[in-house]
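Visitor: Got a minute to go through this one with me? I'd like to talk about rings first, then cysteines.
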Amino acid sequence: MILHSPPPAFAMDIEKPEAGSDCTQPSIHQYEDVLDIETPSPAYPGDSAAERKLVRRLDLRIVPASMFLYFLCCIDRFNIGNAKILNNDMGDSLAQTLHLTDHQYVIALMIFFIAYAIFETPSNYMLKKYKPSRWLAFLMFGWGAITIITAASQNYATLLAMRFLLGAFEAGLFPGVVYFLTFWYKPNERALRIALIVACATLGGAFGGAIAFGVGKLNGARGLEAWRWLFVFEGVPCCVCALIVFLCFPDFPETVSWLSPAERALAIARIQGVASLGHHKLTWAEARSTLVDWRLYAHYLLFIAYSVGFASMSQFAPTIVQGLGYEGLRAQLFTVPPYVLAFAVCVAVAWAADRYEMRALGAAGAFFVCGVMFLVEALLPPTAFAARYGVLCVALSFVFAISGPSLSWLTANLRNTGATTLAVPLNVSIATFGQIIGSFVYKASEAPAFPTGHYTNAGFMFAGSVLALGLRAFYVRRNRSLTSGESRWRL
């Protein structure tokens, strides 16, 4: 039910846009009086062909743009792992230039996640208040500028400050994009689209390794180490693209100018009762009920387990590959195949989760495969380089595949816009504890076997699989107690 009398602190009104660009979108308030948001459109149920056409059009406008945003974000986030070992055979890596100890490098990773946790939830409220196009453009320009400035780091303290600011700006993108999708897509349409976006993290890792390989050849150009050029080359595109996002990124179905009136009405009608609404005002009552709903904390624990593997693989893949016997620029190049495979696995798992309504089983299965692979990785002889590299490729692929069905499962079981606004960033924010753990598990002193990292990841992955199955059993039991006409919990 939509509450129309929120306390002032949670009343998130959408400002009217300025006139000028063709991409300018009208205010939500122009449509509030003429659209009956509580009552589904009578034209909607019988017009499936029009709906399929609309979804295809939405996919062309929304999904590629969101994927590209996250792709650029992940390149800038993961590049510290490439920079750490870039040209280390020549004494010019980030760690060597700034004289970083292994402990200091881990702290530089951790400080990013602390900022990430602090700013995620406030960022989602800002996205709702100031519109996705404006807020995402601001974040994008910010993290691009910070990435460029990181190239000028001369000591450990400066690197820490830059990593904290990078975390603050990047914090709002991923939960913001997931939240943004709930304004456009039904629950059974989200897992594949979220996975396509998440899979861009794998492309970011793949391209990041390839870019680092090429930039490594610029070592010494104009007196700068190659890792400095890496930060510059990967930060500039974000600053440039921020302007395009500001002008043309879509906001809410109620406001976009590129849909006809009939398409706009259909876009709103088809998600009524099952998705977020752009005009909805957030209330304390919704926030309070979301914060005390214990089942959501089971979802958050699930994402903590996932985040341990995600963070450790994202930040330490180049180091792990180097420990498998690949040195210098070859270590950068051999980080590419695992990420390419991960893209395909991400999309396949998410497609099956949506197609067969198997979000819980998709997440549990991916967790289980990861657990087995990390366990095998830990048990293989340290010198079995080829076998361990192959197992690493599979483990990394299924780590990334967990996110799509897990997030789609969470958003499918959020019953109002307020819950979605708060629960999605809380899910990612609380999962920061897992990312911090993941930053500490791979110790350089344990190369090339890394037993602590592999055993820790295996434990969290198996725990995640059990938790996903247990939460699914809980929803099944709840569904059995529902009466006719009550909304069922999604599995």
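Visitor: So how many aromatic pairs does the structure hold?
Guide: It holds 28 aromatic pairs. Rings of Phe, Tyr and Trp (its six-membered ring) pair if their centres lie within 6.5 Å; planes under 30 degrees apart count as stacked, over 60 as edge-to-face and the rest as tilted. One of the pairs is Phe78 with Phe310, which is edge-to-face, at 6.3 Å centre to centre and 65° between the planes.
Visitor: Which helices do Phe78 and Phe310 lie in?
Guide: Phe78 lies in helix α2 (residues 48-85) and Phe310 in helix α12 (residues 294-323), so this pair ties together parts 232 residues apart in sequence. Helices here are DSSP runs (H or I, at least four residues), numbered from the N terminus.
Visitor: Are Phe78 and Phe310 buried or exposed?
Guide: Both Phe78 and Phe310 are buried. Buried means under 20% relative accessible area, exposed over 50%, partly exposed in between (1.4 Å probe, protein chains only).
Visitor: And what about Trp294 and Phe474, what do they form?
Guide: Trp294 and Phe474 form an edge-to-face pair, with 4.9 Å centre to centre and 65° between the planes. Trp294 is in helix α12 and Phe474 in helix α20 (residues 451-480), so the pair ties together parts that are 180 residues apart in sequence. Trp294 is exposed, at 52% relative accessible area, whereas Phe474 is buried, at 13%.
Visitor: Which residues do ring pairs link into a cluster?
Guide: Phe78, Phe303, Tyr306, Phe310, Tyr339 and Phe400.
Visitor: Before I lean on those numbers, what sort of model is this?
Guide: It's a predicted model: local features need pLDDT of at least 70, side-chain atom pairs count only at pLDDT 80 or more, and totals for chains, interfaces and linings use all residues. Residues are numbered from 1 along each chain as its sequence is written, and side-chain values use heavy atoms, with hydrogens and water left out.
Visitor: Which residue lies over the face of Tyr105?
Guide: Lys84, at 4.9 Å from the ring centre. A charge sits over a ring if NZ of Lys or CZ of Arg is within 6 Å of the ring centre and within 35 degrees of the ring normal. Arg355 likewise lies over the face of Tyr356, at 5.2 Å from the ring centre.
Visitor: Cysteines now: how many disulfides does a search of the whole structure find?
Guide: It finds 0 disulfides, a disulfide being a pair of cysteine sulfur atoms within 2.5 Å. For Cys200, the nearest cysteine sulfur is that of Cys74, 7.9 Å away. Cys200 is buried, at 2% relative accessibility.
Visitor: Why is there no bond for Cys346?
Guide: Because its sulfur is 9.7 Å from the closest cysteine sulfur, in Cys200, which is too far. Cys346 is also buried, with a relative accessible area of 1%.

Technical notes. Helices (H or I, at least four residues) and strands (E, at least two) are DSSP runs, numbered from the N terminus.
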